[in-house]
Each structure stands twice: as structure tokens, then as C-alpha cells.
Amino acid sequence: MSLNGITGNTTSSKIIVNVHAFFPDIEVQNFIDIYRLPSEYKDVTLVQELKTAMYQINEELIDYVLILQSVDPVETLEEHSESLSHAYKTAVMGKARSGLIKYFETANRKAAAEIQGERGEVIKDVWTEAAHAAIDQVSKGLMDAAAKLGALGKRHHANGFRASTI
């Protein structure tokens with residue numbers, strides 16, 4: 001959803017290369033197209049927000065990746081699961097999208113931008129929650145795969161919480 005409902009002729013050929021080779025790269029143009037980003041955003045701002053979001057999400061997921069890789073020599077998330085790769089990209093883009101809210105009011109000073117700026121925290125929370133749901137999907141998928149391969153030992157589930165057998 002575009003903040004002002006108008007998408008410009010914004011195009012970008014940049015690809016954000018993930019510093020952790022297990023996770024997929026993100027195309028800036030794909031980010032622009034999916035979220036219908038307004039043309040007021042500068043390319044450098046989009047790249048910076050994507051890099052920041054990518055770093056934060058990598059930090060949240062790296063432990064799950066290492067657990068999976070301890071029992072499965074999978075080298076990339078896409079090789080492991082295309083749906084989890086898509087969820088990862090959704091998480092990164094959602095987190096980056098929520099980070100862009102702070103720039104919009106300064107990029108476009110029209111009355112519509114001021115109204116969006118006032119509602120910015122609500123909108124930001126929606127995209128942040130969607131990003132967290134995607135992160136949870138990826139982490140659960142990685143842990144389920146690791147558990148099937150025996151990486152977690154014997155564990156029991158108690159009402160949705162994992163509890164170790166002592």
C-alpha cells in the first residue's frame with residue numbers, strides 16, 4: 001500500500017546482497033513494486049532501510065540456521081525451502097517498510113503526508129507485526145526441519161511452548 005496512493009516511475013536495478021550467504025538477496029525494484037512505494041523516496045534511503053532490516057532479521061534468525069546446519073548441510077534458505085525464502089524476504093521488506101514511515105512526512109509536505117505522518121505509528125506497527133509474523137514462520141520452519149533431523153534431542157510440546165525433558 002502506497003502512503004499517498006500514487007506510485008511514481010521509480011525504478012531501481014540495485015540488489016541488496018545479503019552478508020550472510022544462507023539468506024537470499026533482495027531486489028530494490030521488487031520492494032518498490034510489492035509495497036507500491038511512492039517516488040518521493042530516494043534510492044539511497046530504500047537501500048539503507050533494506051540493509052538495516054536485513055541485518056536485524058539475520059541476527060534474529062542466525063541461531064536457527066546454525067541449529068539446522070548442524071544436522072543438514074543446506075547452504076541457502078532457498079535450497080532448503082522456497083516458502084521460507086519468501087517469508088524471509090517478506091520479513092525484511094516489512095521491517096524496511098515500517099522504517100520508511102519516518103522519512104515520508106519530510107519527503108512530501110502535502111496535507112496528505114501530514115495526515116499519514118500522524119497515523120505513522122499505527123501504520124508502522126502493522127508492518128512491524130507482519131514482519132515479526134514472517135520471522136516467526138521462518139524460525140519455526142527451520143526448527144521443525146532441525147527437529148525432524150534430530151538436532152534438538154527429545155523435546156515435548158506443552159500448549160505451544162517447547163519444554164525440554166530433564
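Of the helices around the largest pocket in this predicted model, α4 gives the largest share of the lining, with five residues. Two partners join in: α2 (43-69) and α6 (120-148), like α4 (82-107), each contribute at least two lining residues.

Let's walk around the wall of that pocket. Glu 49, Thr 52, Ala 53 and Gln 56 are among the lining residues, and you can find them by looking along α2, which spans 43-69. Moving on to α4, look for Lys 95, Ala 96, Ser 98, Gly 99 and Lys 102. Lys 124 and Thr 128 also belong to the lining, and α6, covering 120-148, is the place to search for them.

What kinds of residues make up this lining? By class, five are polar, four are charged and two are nonpolar. The space they surround has a volume of about 150 Å³. In general, rolling a probe the size of a water molecule over the atoms reveals where empty space remains.

Now step back to see the whole chain. Six helices and four strands make up its list of elements. Starting at the N terminus, you meet them in the order β-β-α-α-α-α-α-α-β-β, so to speak with two strands opening the chain and two closing it.

How do distant parts of the sequence meet? Among contacts between residues at least 6 apart in sequence, 75% join residues at least 24 apart. The chain has 166 residues, and 40% of them are buried. On the outside, the accessible surface comes to about 9,600 Å², with 52% of that area belonging to carbon and sulfur atoms.

Technical notes:
Residues are numbered from 1 along each chain as its sequence is written. This is a predicted model: local features need pLDDT of at least 70, side-chain atom pairs count only at pLDDT 80 or more; totals for chains, interfaces and linings use all residues. Side-chain values use heavy atoms; hydrogens and water are left out. On a 1 Å grid over the protein atoms alone, a cavity is a set of points where a 1.4 Å probe fits but cannot get out, and a pocket is an open set with protein on both sides within 12 Å along at least five of seven lines; lining residues have an atom within 4 Å of a point. Grid points are joined across faces, edges and corners, and a volume is the space filled by probe spheres set on the points. Ala, Val, Leu, Ile, Met, Phe, Trp, Tyr, Cys and Pro count as nonpolar, Asp, Glu, Lys and Arg as charged, and the others, Gly among them, as polar. Buried means under 20% relative accessible area, exposed over 50%, partly exposed in between (1.4 Å probe, protein chains only). Contact means heavy atoms within 4.5 Å. Accessible areas come from the Shrake-Rupley method with a 1.4 Å probe; for residues, only the protein chains shown count as cover.
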